[in-house]
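Biologist: I would like a close look at a single part of this structure, taken slowly and with its surroundings in view.

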Amino acid sequence: MKITFDRDNLIKELSIAQEVIATKTALTILSNVLLIAKDGKLTMKATDVKVSFETSIAVNVIEEGSTTVFCDKLVSIILSLPQGEIEMEEKNEKIIVRSALKKAKFQLKTIPDGDFPLFLETDDVSFFELPNKEFKDSIKHTIFATSDDETRYFLNGIYIEHKEGYLNFVATDGRRLALVKKDMNGSISDFKGIIVPPKVLNIIYKRLSDEGSISIGITEKNVFFFFNDYKFYSVLIDGQYPNYERVIPENQDKVFEVDRKEFLEGLKRVSLMVEQKSKRVLLSISKNNLGISSQESDIGVAREDVECDYDSDEMLLGLNYVYLEEPLKTLTSEKIKVEFTESAKAIMLKGVEEEHVFHVIMPMQV
């Protein structure tokens, strides 16, 4: 194999492969990226067995061939070279990297590509399309609410289902829930809910533009995401996702509306004095006023009052400030609506102009 290519074009794609790869040590084939030079293209594949990635870029193929090489070190080498043309040649189980502008020369040992894990075929997989922006928004509004508790592994991903005409994205850690409902207007058929690990979604989110569409394919054990020249697939989390609809409150009889930025900024200031183990913040709601305060401690106390639209009984709510702050950062509506019934029951938080996004937060003891 022998190719020449533009440095910046290759490094952009190799950085994705580097993010997918399981280990940064050169002890296993899973540390390597598979390189296939053929028909004027360089195809790159990377996997950690659970998440896999493939893409191709145009290069000058002098000699066709394929091999695998330690990805982390290859990225470091190419980044160290100046912008411009780079030559890469594989022979005698070594890959040689040279710059056209500098006399630098690197050699990396390779592992034959026959040992590289096989990638899944998608010939029999049915795909549906979703606008990039809608997919990105759905991930942004939910991914922070996934659990990192390995004993409840079925909560470690985002649950995606198509039900009654809506594509639902759900995440919960047992103390809060984030839900996005997308009206698909009958464009796809219903499918059984799947639990997608956050790793593949985070990688895709960073590379997805707001224009165009992403193709999504689902099988019993895997999910596929294709966009531009990128192909990703991930093993699904196996488990029974809880009935999330049971925790969504109905008929909340109290509600206040508040400016999102003012609420968020006040929350950030008060959180400086919040005890970090419990992260408890107190919301005292009275006529047209929202009081945000920390509990008094040996260090001190903080309180900030924010104007709000409210005309009902005075209430005091105890909530984890992180569970308020994260959705407030991702919502874009100017005004936020908070619905509740009493201090011991879950509250519902959503943007006034984002009725398709719901955040349910369980209260803490006051």
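Leaving aside its neighbours within four places in sequence, which residues is Q252 in contact with?

Modeller: This is a predicted model, and in it Q252 sits in the loop between β17 (230–235) and β18 (254–259). Beyond its neighbours within four places in sequence, Q252 is in contact with E339, F340, T341, A346, I347 and M348. With T341 there is also a polar contact, made from side chain to side chain at 2.6 Å. Q252 has a relative accessibility of 18%, and because buried means under 20%, Q252 counts as buried.

The strand that follows this loop, β18, belongs to an open sheet of twelve strands with antiparallel pairing, whose order is β14-β11-β12-β13-β25-β24-β23-β18-β21-β20-β19-β22. At the edges stand β14 (191–196) and β22 (315–320), each with a single partner strand, so one side of each is left without a neighbour in the sheet. On average, and with direction ignored, neighbouring strands of this sheet are turned by 25° against each other.

Within that order, β13 (residues 176–183) and β25 (residues 354–361) pair in the antiparallel sense over five bridges, and L179 stands opposite F358 in β25. Helix α6 (residues 321–330) packs on the sheet, where it touches β13, β19 (280–286), β22, β23 (335–340), β24 (347–351) and β25, and the direction of α6 makes about 80° with that of β22.

Methods: Residues numbered from 1 in each chain as written. Predicted model: local features only at pLDDT ≥ 70, side-chain atom pairs only at ≥ 80, totals over all residues. Heavy atoms only, no water. Pairing = 2+ DSSP bridges. Helix = DSSP H or I, 4+ residues; strand = E, 2+ residues; numbered from the N terminus. Axes fitted to C-alpha atoms, helices over the stretch in contact; angles between N-to-C directions. Contact = heavy atoms within 4.5 Å. Buried < 20%, exposed > 50% of the residue type's maximum accessible area, 1.4 Å probe, protein only. Polar contact = N/O pair within 3.5 Å; in protein donor to acceptor, adjacent residues only side chain to side chain.
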